[in-house]
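This report covers selected helices, aromatic contacts and loop residues of one protein chain. The sequence and the model come first.

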Amino acid sequence: MSQAVGSKLGARRDHWTGQYGFLMAAIGSAIGLGNIWRFPGVAYENGGGAFLLPYLLALLAVGIPILLLDYALGHKYRGSAPLTFRRLAKKAEFLGWWQVAVSAVIIVYYVVVIAWAASYMFFSINLAWQEDSLGFFLESYLQLDGSALMTFTPVVPVLLPLVLIWVTVLFVLGRGVSKGVEAANKFFLPLLVVLFLAIVIRAIFLPDALTGVNAFFTPDWTALGDSKVWLAAFSQIFFSMSIAFGIMLTYASYLPRKFNLTGTGLVAGFANSSFEILAGIGVFATLGFMSAQQGVPLGEMEGLTGPILSFVTFPTVISLMPGGALFGVLFFAALTIAGITSLLSLLQVVSGAFQDKFGWSAKRTSVIIGAVMAVVSVVFFATTSGLTTLDVVDAFINNLGVVGAALAMTVLVFVVRPRLRALRLHLNATSAIKVPRVWEYLVGVLVPIVLGIILLQALLDYVSKGYGDYAANDPKVLIFGWGTLALVAVFAAVMTALKWNTRHPHEDVVRFVGEEETSGTEES
């Protein structure tokens, strides 16, 4: 019976054409805007070169183990996040839809940031920001109205590239996994690597660039005694690898039955971290040059992380350096491509879930969900209040929504529905590199402890202090912070309550797998 159902499902479900295509997509998903603008600043602020030690330990103890958990779940249960968790435990479908909703929220503002990068690629040609990169970004380009709770005034310079990016990614998504997402990543990821290598090489030959590189790598060993540094390392690994919110789980569900999961996971994990370190070298080489040009010590410089680094600090550097226009075009082209590869993976989480639940085709799904999310991104984030809205939503959805989902996932497979041994055996049955038993304790014990601390810390801060310059009772925090999380929960509950399309083979498999596990015949 299981073979008949499995073959029926396999005939309907798209798949990767091979290991290279899957690797390109997995690495492309992990390498995004955060690698370029988050890691260098976090490393510098948490011990410089010394930060690499807890960072690498976090990669081995948390990053790769959770990545392999995602792979094992998606590959074993052959479904998107909602379908996979439903097959694991019927009531756990809610967690899958929570992950889908989190991905959808990230999509609607992440695509706007990509539109900024695409705009700046053209602004670089004539250095449109002139001498005031901060004023140009906030006032001339974003036309920011920071005093308003919410405005619906569209920002035309953002709207035009935003529409173009939506058309591009939805066209790719509508072509399916192999012909769309895989083909796009095979083109974009090598191009991204070439562009970024060119940027780094150009950066390290700038005057005083090595001063910045030395500052990035110079270790402050006393920082290793600070627990916040270790939490920062675990947080960075967690957010940079696209783990625990449905992406790699969904991607793994399209893999063939026989596939080297462990080896691929190791390559993807180390490739992501290598790119982050490369980004750190490039970023701090340029900051070393800027520090010398402006006569400001590197330690006193501001804007070393986030959008300010990319859209204010870097344009300032570009204006100061010889051949800055070309450097700017390359940098923002790389930023745009890195964003698009990650955006495609987020979109596949949402698309795959709706295809599984309702039996829709990839094209139909891309049109329906694409239209809805495109409107949301325009109405809320491509407006004169878009930046402040984006800032609050991003903080709450990542620090609470994503971390909470990851914590729930580890508790589910270790305590509520113990499956870690079966998942480890599944990994070992498909892989040349075997996963040791300690993996079960890393995923079931260490990871929940670390994530629990991170989640509790964020909760206490947001409840008592609010976020950034906004008090805990500020309408922006209540509406765009807690309100976004409430909306995610309502969406997950509604989608869980809706019936699966019984004419679609997936529902038969859901019932069958649940009965199989109940009868005790699951692999042990």
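Helix H12 is mostly covered, with 10 of its 14 residues buried; buried means under 20% relative accessible area, exposed over 50%, and partly exposed in between (1.4 Å probe, protein chains only). The buried residues of H12 include Val229, Leu231, Phe234, Ile237 and Phe238. The model is predicted, so local features need pLDDT of at least 70 and side-chain atom pairs count only at pLDDT 80 or more, while totals for chains, interfaces and linings use all residues. Residues are numbered from 1 along each chain as its sequence is written, and side-chain values use heavy atoms, with hydrogens and water left out.

Helices here are DSSP runs of H or I with at least four residues, numbered from the N terminus. The expected span of a helix is 1.5 Å times one less than its number of residues. Two helices can be set against that value.

| Helix | Residues | Expected span | Distance between end C-alpha atoms |
|---|---|---|---|
| H7 | 93-123 (31 residues) | 45 Å | 45 Å |
| H12 | 227-240 (14 residues) | 20 Å | 20 Å |

At the N-terminal end of H12, aspartate 226 acts as a cap: one of its side-chain oxygens lies 3.0 Å from the backbone nitrogen of lysine 228. Just after H12, serine 242 has a positive phi of about 55°.

H7 is mostly covered too, with 28 of its 31 residues buried. At isoleucine 107, H7 bends by about 25°; the bend at a residue is the angle between axes fitted to the seven residues ending there and the seven starting there.

Aromatic contacts come next. The whole structure holds 40 aromatic pairs. Rings of Phe, Tyr and Trp (its six-membered ring) pair if their centres lie within 6.5 Å; planes under 30 degrees apart count as stacked, over 60 as edge-to-face and the rest as tilted. Phenylalanine 137 and phenylalanine 311 form a stacked pair, 5.3 Å centre to centre with 5° between the planes. This pair links distant parts of the chain, since phenylalanine 137 is in helix H8 (residues 133-141) and phenylalanine 311 in helix H15 (residues 306-320), 174 residues apart. Phenylalanine 137 and phenylalanine 311 are both buried. An edge-to-face pair is formed by phenylalanine 238 and phenylalanine 239, at 5.4 Å centre to centre and 75° between the planes. Phenylalanine 238 is buried because its relative accessible area is 3%, whereas phenylalanine 239 counts as partly exposed at 21%. One aromatic cluster has Trp37, Trp116, Tyr120, Phe137 and Phe311 among its members.

The charged end of lysine 76 sits over the ring of tyrosine 77, 5.8 Å from its centre. That description applies if NZ of Lys or CZ of Arg is within 6 Å of the ring centre and within 35 degrees of the ring normal.

Two loop residues remain. Arginine 78 lies between helix H5 (52-77) and helix H6 (81-88), and counts as buried at 12% relative accessibility. Its side chain reaches the backbone oxygen of histidine 75 at 3.3 Å. The C-alpha atoms of arginine 78 and alanine 252 are 7.9 Å apart, with 174 residues separating them along the chain.

Glycine 359 is in the loop between helix H16 (324-358) and helix H17 (362-381). Its relative accessibility is 27%, so glycine 359 counts as partly exposed. Its C-alpha atom and that of glutamine 19, 340 residues apart along the chain, are separated by 27 Å.

Notes: Polar contact = N/O pair within 3.5 Å; in protein donor to acceptor, adjacent residues only side chain to side chain.
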